[in-house]
2 protein chains.
Amino acid sequence: MVRRTAGVGRDATRDDVARLAGVSSAVVSYVVNDGPRPVAAATRARVLDAIDKLGYRPNTAARSLITGKSDLIGLIVPDVENQYFATLAKAVEKSAAKRGLRLVLGQAQPDQLPDLVESLAGHQVDGIITATPLPPDLLVRTGRLTVPLVKLSLDQPMDAVPSLSPDFYGGAQQAVRHLAEVHGHRRIALLTGGEPMDVRERGWHDALLLLGLVPDCRVQTSWTTAGGRDAALPLVERFPEATAVFAASDQQAAGLIAGLHALGRRVPDDIAIVGFDGALVGEFTVPPLTTVGVPFQQMSSDAVDQLDGGTIDKRIYPTELIVRESCGCRVGTE
Amino acid sequence: MVRRTAGVGRDATRDDVARLAGVSSAVVSYVVNDGPRPVAAATRARVLDAIDKLGYRPNTAARSLITGKSDLIGLIVPDVENQYFATLAKAVEKSAAKRGLRLVLGQAQPDQLPDLVESLAGHQVDGIITATPLPPDLLVRTGRLTVPLVKLSLDQPMDAVPSLSPDFYGGAQQAVRHLAEVHGHRRIALLTGGEPMDVRERGWHDALLLLGLVPDCRVQTSWTTAGGRDAALPLVERFPEATAVFAASDQQAAGLIAGLHALGRRVPDDIAIVGFDGALVGEFTVPPLTTVGVPFQQMSSDAVDQLDGGTIDKRIYPTELIVRESCGCRVGTE
DNA sequence: TTGAAAGCGATACCAC
DNA sequence: GTGGTATCGCTTTCAA
């Protein structure tokens with residue numbers, strides 16, 4: 001076939017650049033990648049010039065084919081619209097960009113994960129970060145997968161997958177203890193979206209026991225703002241004696257505040273609330289949400305590092321209580 | 001080089017499959033792609049079997065190299081953490097997934113756009129959807145770009161880029177008219193994050209004029225919840241006569257509600273508010289936010305279609321007033 | 001310091 | 001209905 005020259009409708013290739021610069025295509029490669037061989041300054045200049053003239057841009061697919069890397073990493077979340085995952089996605093994208101990696105975003109519920117993972121692997125992503133829990137069978141197949149996987153912000157069972165997460169257990173305890181020790185609450189309910197006795201629930205449960213209190217007020221709903229709102233009624237009906245609640249996510253806490261308000265309950269006067277996440281949303285609820293902050297940025301950055309040759313494997317990050325007003329504290333409006 | 005057989009540390013290739021199935025590599029391709037040539041049922045079964053045994057997954061990079069398509073589309077937003085863009089991203093991802101396309105998410109402020117676009121183009125994305133406004137010079141270069149571009153949810157100036165957006169102008173008017181005609185407000189302020197006289201502002205401005213009112217209360221802040229909150233003080237100080245405000249985004253409206261609350265002002269009694277977006281956040285503010293809803297799903301789906309061979313070019317989508325309580329309406333808590 | 005050339009994995013045309 | 005094979009754009013070894 002006749003070799004076409006660069007023109008409309010076709011990207012310039014490395015050969016075009018080579019021809020224009022009057023060098024071999026290998027040299028173009030050397031200057032683009034700054035190696036593996038040195039190039040004379042004058043030659044380099046000519047090549048750079050040609051690149052600019054042609055608007056040449058290396059074809060990542062071709063490069064990927066040969067190097068086996070794509071500079072792409074996959075991020076799997078259940079739902080980006082959820083503030084928590086949006087914050088996570090933002091942090092991961094930033095960390096990735098800093099390393100010249102691009103983010104392929106996939107949303108999936110656990111049952112769609114296998115397909116999504118296959119698809120990402122097909123796209124030669126250099127690694128996958130998942131904030132959606134993995135179904136056990138996927139875990140088994142993981143051994144066969146060539147793609148590095150790391151779990152982010154998920155409970156950490158005994159498996160072989162590298163995993164980075166906040167200290168769900170300790171954080172939940174912080175929340176409960178604040179409610180009990182600072183504000184004197186003795187009936188502290190749990191609002192969760194998780195499985196019975198997931199890590200946050202255990203934190204709540206054990207903290208209460210340690211305090212000599214009874215962990216018997218538990219409401220389960222979906223991990224969403226709507227879920228939190230809808231839980232308001234069951235909460236006040238089933239546990240009228242509860243004067244405080246630890247919500248396992250800020251999304252739910254925000255919804256709960258709205259739901260409680262609609263029911264005529266005052267927060268924190270009638271019911272105090274502490275959330276979990278430290279997501280943006282808690283800053284703007286009325287009243288502002290006291291919550292357990294997690295180090296998104298740090299975790300995300302480490303997750304990317306991990307794929308980029310790191311060796312963190314498993315790590316649990318300390319949380320920090322962010323005191324605002326929904327717990328009953330008075331803080332100056334800054 | 002000696003041909004290795006499939007084994008640990010290396011993905012199975014089409015050749016491996018061909019060998020195992022005892023067919024040529026072309027046939028493998030035919031069954032994988034369902035064409036362009038027919039394959040005998042028995043042969044197809046053998047191939048499928050081999051694929052399964054080997055865990056074969058076509059290498060998208062290689063395919064992309066030859067077809068020129070990557071099944072990847074780029075989405076550029078200023079900030080995924082922002083609820084509005086998170087909702088957009090979710091919708092776009094869903095529409096893309098439905099067509100077998102994967103989403104590459106990039107965050108960028110206008111000045112970083114050129115690099116990001118270059119990078120995405122290098123990754124051979126089949127198209128780029130941007131919800132970050134394009135700097136004019138990028139627009140010029142666009143002519144040289146091989147990558148289809150479509151603007152999503154952005155103001156539509158006179159340029160040659162396909163663009164899909166809600167009816168910012170009409171929507172703003174809806175909001176203002178509701179405040180004036182239904183609730184009798186005569187001093188309706190504008191809270192915006194946009195340039196002076198952007199489309200939403202023009203809608204507010206013109207609606208007021210049409211109503212015989214004066215468009216002289218304008219507060220500008222950032223397009224964020226924090227921006228909305230911080231605007232509360234300037235708003236009440238500079239325009240104490242304002243009894244209502246049209247906020248150009250729900251993010252800002254949510255922040256404004258919080259800020260106003262901190263200042264001791266009641267919404268909607270002291271100040272009524274109508275937002276713009278119909279984002280999730282407005283559902284859970286206290287009081288719930290009346291807002292101008294935009295058809296995220298439809299726009300996003302059309303944007304993906306557009307890249308996928310569509311010919312929509314420019315389209316403006318009708319908005320719909322979502323009446324809740326921040327405007328002063330009483331609606332049953334459902 | 002530069003160039004020729006061998007692939008990377010997959011597609012699709014052209015014979016058989 | 002199947003099987004060679006040229007080719008996509010690029011990296012990198014080996015010679016020059």
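This report walks through a predicted model of two protein chains and two DNA strands, from the DNA-facing surfaces to the cores and a few backbone details.

## The surface around DNA strand C

Let's start with the DNA. Strand C is surrounded by 29 residues, and the closest are Ser24(A), Thr43(A), Ile66(A), Arg14(B) and Tyr30(B). Of the atoms of strand C that come within 4 Å of the protein, 60% belong to sugar and phosphate. By class, this surface has 17 nonpolar, six polar and six charged residues. Four helices each supply at least two of its residues: H2 (25–33) and H4 (60–67) of chain A, along with H2 (25–33) and H4 (60–67) of chain B.

Some individual atom pairs are worth displaying. An N or O atom in the side chain of Thr43(A) is 2.3 Å from a phosphate oxygen of DNA strand C. A phosphate oxygen of this strand is also 3.1 Å from a polar backbone atom of Asn59(B). For a base, look at Tyr30(B): an N or O atom in its side chain is 2.6 Å from a base nitrogen of DNA strand C.

## The surface around DNA strand D

Turning to strand D, there are 28 residues around it, with Arg14(A), Tyr56(A), Arg63(A), Tyr30(B) and Thr43(B) coming nearest. Here sugar and phosphate make up 60% of the strand D atoms that come within 4 Å of the protein. The surface divides into 17 nonpolar, six polar and five charged residues. Helices H2 and H4 of chain A and H2 and H4 of chain B each provide at least two of the residues.

Two chain A side chains reach phosphate oxygens of DNA strand D: Tyr56(A) has an N or O atom 2.7 Å from one, and Arg63(A) has a polar atom 2.6 Å from one. Tyr30(B) appears here too, with an N or O atom of its side chain 2.7 Å from a base oxygen of DNA strand D.

## Where the chains meet

How many residues does each chain bring to the contact? Chain A gives 57 residues and chain B gives 58. Together the chains bury about 4,900 Å², with carbon and sulfur atoms giving 56% of that area. On the chain A side, Arg57(A), Glu81(A) and Phe284(A) lose the most area to chain B, together 15% of what that side buries.

## Nonpolar cores

The largest nonpolar core has 94 residues, and the members touching the most others are Ile73(A), Ile129(A), Ile73(B) and Ile129(B). Apart from it lies another core of 32 residues, among them Leu72(A), Val117(A), Ile76(B) and Val117(B).

To see the surroundings of one of these hubs, select Ile73(B). Beyond its neighbours within four places in sequence, Ile73(B) is in contact with residues including Val92(B), Leu101(B), Val125(B), Ile129(B) and Leu307(B). Arg102(B) and Gly127(B) are also among its contacts.

## Ser153(B) and Pro166(B)

Ser153(B) sits in the loop between strand S4 (149–152) and strand S5 (163–166) of chain B. Is Ser153(B) buried or exposed? Its relative accessible area is 8%, under the 20% cut-off, so Ser153(B) counts as buried. Its side chain makes a polar contact of 2.3 Å with that of Tyr84(B). Leaving aside residues within four places in sequence, Ser153(B) also has Leu88(B), Phe168(B), Met299(B) and Pro166(B) among its contacts.

Pro166(B) belongs to strand S5 of chain B and is buried at 2% relative accessibility. Not counting residues up to four places away in sequence, Pro166(B) touches Ser153(B), Val294(B), Met299(B), Ile316(B), Tyr317(B) and Thr319(B). The C-alpha atoms of Pro166(B) and Gly293(B) are 9.0 Å apart, although 127 residues separate them along the chain.

## Backbone details to check

Most residues other than glycine have a negative phi, and most peptide bonds are trans. Phi of Ser153(B) is positive, near 60°. Met197(A) also has a positive phi, of about 60°, and is found in the loop between strand S6 (188–192) and helix H9 (199–210) of chain A. With a relative accessible area of 37%, Met197(A) is partly exposed.

The peptide bond from Val267(A) to Pro268(A) is cis, with omega near 5°, and so is the bond from Val267(B) to Pro268(B), again with omega near 5°. Pro268(A) lies in the loop between helix H12 (250–262) and strand S9 (272–277) of chain A. In chain B, Pro268(B) lies in the loop between helix H11 (250–262) and strand S9 (272–277).

Conventions:
Residues are numbered from 1 along each chain as its sequence is written. Chains are lettered from A and ligands numbered from 1 in the order in which they are written. This is a predicted model: local features need pLDDT of at least 70, side-chain atom pairs count only at pLDDT 80 or more; totals for chains, interfaces and linings use all residues. Side-chain values use heavy atoms; hydrogens and water are left out. A nonpolar core is a set of buried Ala, Val, Leu, Ile, Met, Phe, Trp, Tyr and Cys residues joined through side-chain atoms within 4.5 Å. Buried means under 20% relative accessible area, exposed over 50%, partly exposed in between (1.4 Å probe, protein chains only). Contact means heavy atoms within 4.5 Å. A polar contact is a pair of N or O atoms within 3.5 Å; within protein, one must be able to donate a hydrogen and the other to accept it, and residues adjacent in sequence count only if both atoms are side-chain atoms. A residue is near a molecule or strand if one of its heavy atoms lies within 4 Å of it. Ala, Val, Leu, Ile, Met, Phe, Trp, Tyr, Cys and Pro count as nonpolar, Asp, Glu, Lys and Arg as charged, and the others, Gly among them, as polar. Buried area is the accessible area (1.4 Å probe) that two parts lose on being put together, summed over both.
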